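Q: Could we go through this model together, beginning with the sheet and then turning to the other chain?

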Amino acid sequence: MSKAAAPLPAWGDPILSDAEKRSLAALCARMIPASAEFNVPGADDALIQADVAKSLDRDAAAVHRALAHLERLAGGSFADLDIEKQEGVCATLRAEGGPDLTALGRIILQCYYRDDRVMISLGMEPRPPFPKGHTLPQGDWALLDPVRKRGKIWREV
Amino acid sequence: MPSNEPVDVLIIGSGASGAAVAWSLADTKMKILCLEQGDWQNPTDYPSNGRDWEARQFNDMATSPNRRQLWSDYPVNDDNSPIKVLNFNAVGGSTILYAAHYPRLHPSDFKVKSLDGVADDWPIDYHQLEPFFAENDRMTGVSGMAGDPAYPPQKTSPMEPLPMGRSGRMLGEAMNRLGWHWWPSDCAVTTREYEGRAPCINLGHCIAGCAQGAKASTDITYWPAAIRAGVELRTRARVREITIDNATGMANGVIYYDRDGVEQFQPAHVVVVAANGIGTPRLLLNSKSERFPNGLANSSGLVGKNLMFHPYASVWGYFNEETDGNRGPPLSLWSHEFYESDPSRGFVRGYSWQFGRGVGAIMEAQQSFASGRLPWGAEHHAVYRKLHNHRMNIAAICEDLPEEHNRVTLDPVLKDANGIPAPKIDYTLSENSNRMLDHAIARATEALREAGAWDIGVEKPIRNGGWHLLGTARMGSDPTRSVVNDWGRTHDVKNLFIVDGSIFTTSGGVNPTSTIQALALYIADQMKQRLATLFD
């Protein structure tokens, strides 16, 4: 007896096909390339790609649509185009915009900017906010003296 | 199985107002039950505990119920509104998922008809609410600074303010040069140990639940005290309708779905609705009967009408100097410079500003990607480093005047998981709101430029800005022009009360939670004073 497949979430299939993963990695390389100057990987880095692949969540359907659109613009496999042609397809994709590209970009960026190497390059500690929190200057509240001096601005009833 | 024994008071909703009214009524020793469709939140599950804290703002902790789609949520058809509805459904309601910016309405907000000839006066005033503002501040734990010249002197002193930070200093200096008002906000965030709660440690991510417990959500303020005083809070209980005794015309209980989806009847002598400005009219409109064919308490035809959101404009700037980014509570300073009416501005009433310190690394990348500021390719990294932690924001909260065509009705098709018809929103921005937004954007741009901004971004109105859900069961003395009287009882049903933001006659131009809770405490106090004659 075959086991029934689990129902897909309301927001779409969370799994990318191998072809979609190839397209995604090629797109990411064009979007955020590695930089020796800033000592950061590109968004096509294997760890970041693995994070993207498991993070589609509520944008899953939009990501599938965006990658399908990328392939249509490429007239086949985007990953197999030479870099110059990929750049042209990316320019078209970005010029067209739309909510699917926004969703895809959102996921790529969220995974890229939470990568330890990228955070360290930005001077951030790669950790969650809790429990350490952050320190801020309390400031000098004498800065409010001109506001006090001006006096009441509320309206009498 | 719930017992469903009759109770004296049944409260629907455990958020800002439901929690306050439950706590206040508890000292009567009446049997009080609150039904809440969501469940308790565990602070160790809040996003700031994990590395995915920014990502979760778009998923299970999204502000839109349509995006979030948790089991506790109900869908809202807001396609016909430029401002989308935001909420959270849990013990604590939307106080779980708010910024804890905590201003009071101004005295003038209660008398806009008398002062400016628009909308309607409230049947109560600021001074009647003042003791309840103070009581609510004490229960909530509020930080800020006494002596704000934008308000009448207050009798309570808040805890010391949240840090000014770099962002606050930069904007404060600019506001001083312009001669404009600014002040540390009243914030429902503790800055020292308070009633068992720890002080703020600048997690920077207040909105999606405070892992530290410094932010005052009612699950950690009112509810522990109310439960200790004997109130029962029943979770995963979604109310479908309020039922009526056709002989007397009085409410006699509610039908709800329990945690297993089983329909239950809960009898009650008094029903208090605290389900927010969308959930409350939805419930009343779903409570049709032979005696109330147009929905409960709706003889005026105004249930669901006069929806007010507070249209927001967001104006942000980028600076050479480093700002606070997400390294502190996002909101802790305000300006009420343009709050009171000035006919020379071309609109009536006014707006407040809340200053935003900055945003997180991922939010900056995502928003700048979407706006086109952040390029693809080799330039990406250098540009990003000019944006990240170099932003400040001014958000204008505009008074939204009541208009009957802005409304909540029942969607003919859309239903929640229990098959209950969902709310449908029809809303348009008025010409007055448009002018006010434009004025706010121009002045905020001036302030940010004065502070040194080299680039400015604008969102008008903020699409995902429907935090404040007001006016859809308005308070008034005239039963033909209002839904509840001056102490929260519905004109039509003498044992049915409404205590949430839906009873606002007008909206003011500030975040409403403090006023919602003060109103709830005021109504509870009125009920207690009138117990012997409550149904007269």
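A: What follows takes the sheet of chain B, then chain A and its contact with chain B. Please note that this is a predicted model.

Q: What is the strand order in the open sheet of chain B?
A: The order is β4-β10-β11-β12-β9-β15, six strands in chain B with antiparallel pairing.

Q: Which strands stand at the edges, and why is one side of each left without a neighbour?
A: They are β4 (183-184) and β15 (455-459) of chain B; each has a single partner strand, so one side of each lacks a neighbour in the sheet.

Q: How many bridges join β9 to β15 in chain B?
A: Five bridges join β9(B), residues 312-318, to the antiparallel β15(B). Within β15(B), Glu459(B) is the residue opposite Ser314(B).

Q: And at the other edge, how many bridges pair β4(B) with β10(B)?
A: Two bridges, in the antiparallel sense. Pro184(B) stands opposite Leu333(B) of β10(B) there.

Q: What about β10(B) and β11(B), how many bridges there?
A: Four bridges join these antiparallel strands. Trp334(B) has Gln354(B) in β11(B) as its bridge partner.

Q: Is β10(B) mostly covered or mostly exposed?
A: β10(B) is mostly covered, with five of its five residues buried.

Q: Which strands does helix α10 of chain B lie across?
A: Helix α10(B), residues 431-450, lies across β9, β11, β12 and β15 of chain B, and runs at about 155 degrees to β12(B).

Q: Changing topic: what is the secondary structure of chain A?
A: Chain A has seven helices and zero strands.

Q: Why is chain A described as more spread out than a compact globule?
A: Its radius of gyration is 23 Å, well over the 15 Å that the globule rule gives for 157 residues, so chain A is more spread out than a compact globule. Along the principal axes, its C-alpha atoms fill a box of roughly 75 × 50 × 35 Å. Buried residues account for 34% of the 157 residues in chain A.

Q: How many residues does each chain bring to the contact?
A: Chain A brings 44 residues and chain B brings 57 residues.

Q: Which helices of chain A supply at least two residues each to that side?
A: They are α1 (18-31), α4 (83-96), α5 (99-112) and α7 (145-150) of chain A. The most comes from α5(A), with five residues.

Q: What is the make-up of that side of chain A by class?
A: The side of chain A that touches chain B has 23 nonpolar, eleven polar and ten charged residues.

How values were computed: Residues are numbered from 1 along each chain as its sequence is written. Chains are lettered from A and ligands numbered from 1 in the order in which they are written. This is a predicted model: local features need pLDDT of at least 70, side-chain atom pairs count only at pLDDT 80 or more; totals for chains, interfaces and linings use all residues. Two strands pair if DSSP finds at least two bridges between them. Two residues are in contact if their C-beta atoms, placed from the backbone, lie within 7 Å. Axes are lines fitted to C-alpha atoms, for helices over the stretch in contact, and angles run from 0 to 180 degrees between N-to-C directions. Ala, Val, Leu, Ile, Met, Phe, Trp, Tyr, Cys and Pro count as nonpolar, Asp, Glu, Lys and Arg as charged, and the others, Gly among them, as polar. A residue is buried if 20 or more other C-beta atoms lie within 10 Å of its own, exposed if 12 or fewer, and partly exposed in between; C-beta atoms are placed from the backbone. The radius of gyration is taken over C-alpha atoms; the globule rule is 2.2 Å times the number of residues to the power 0.38.
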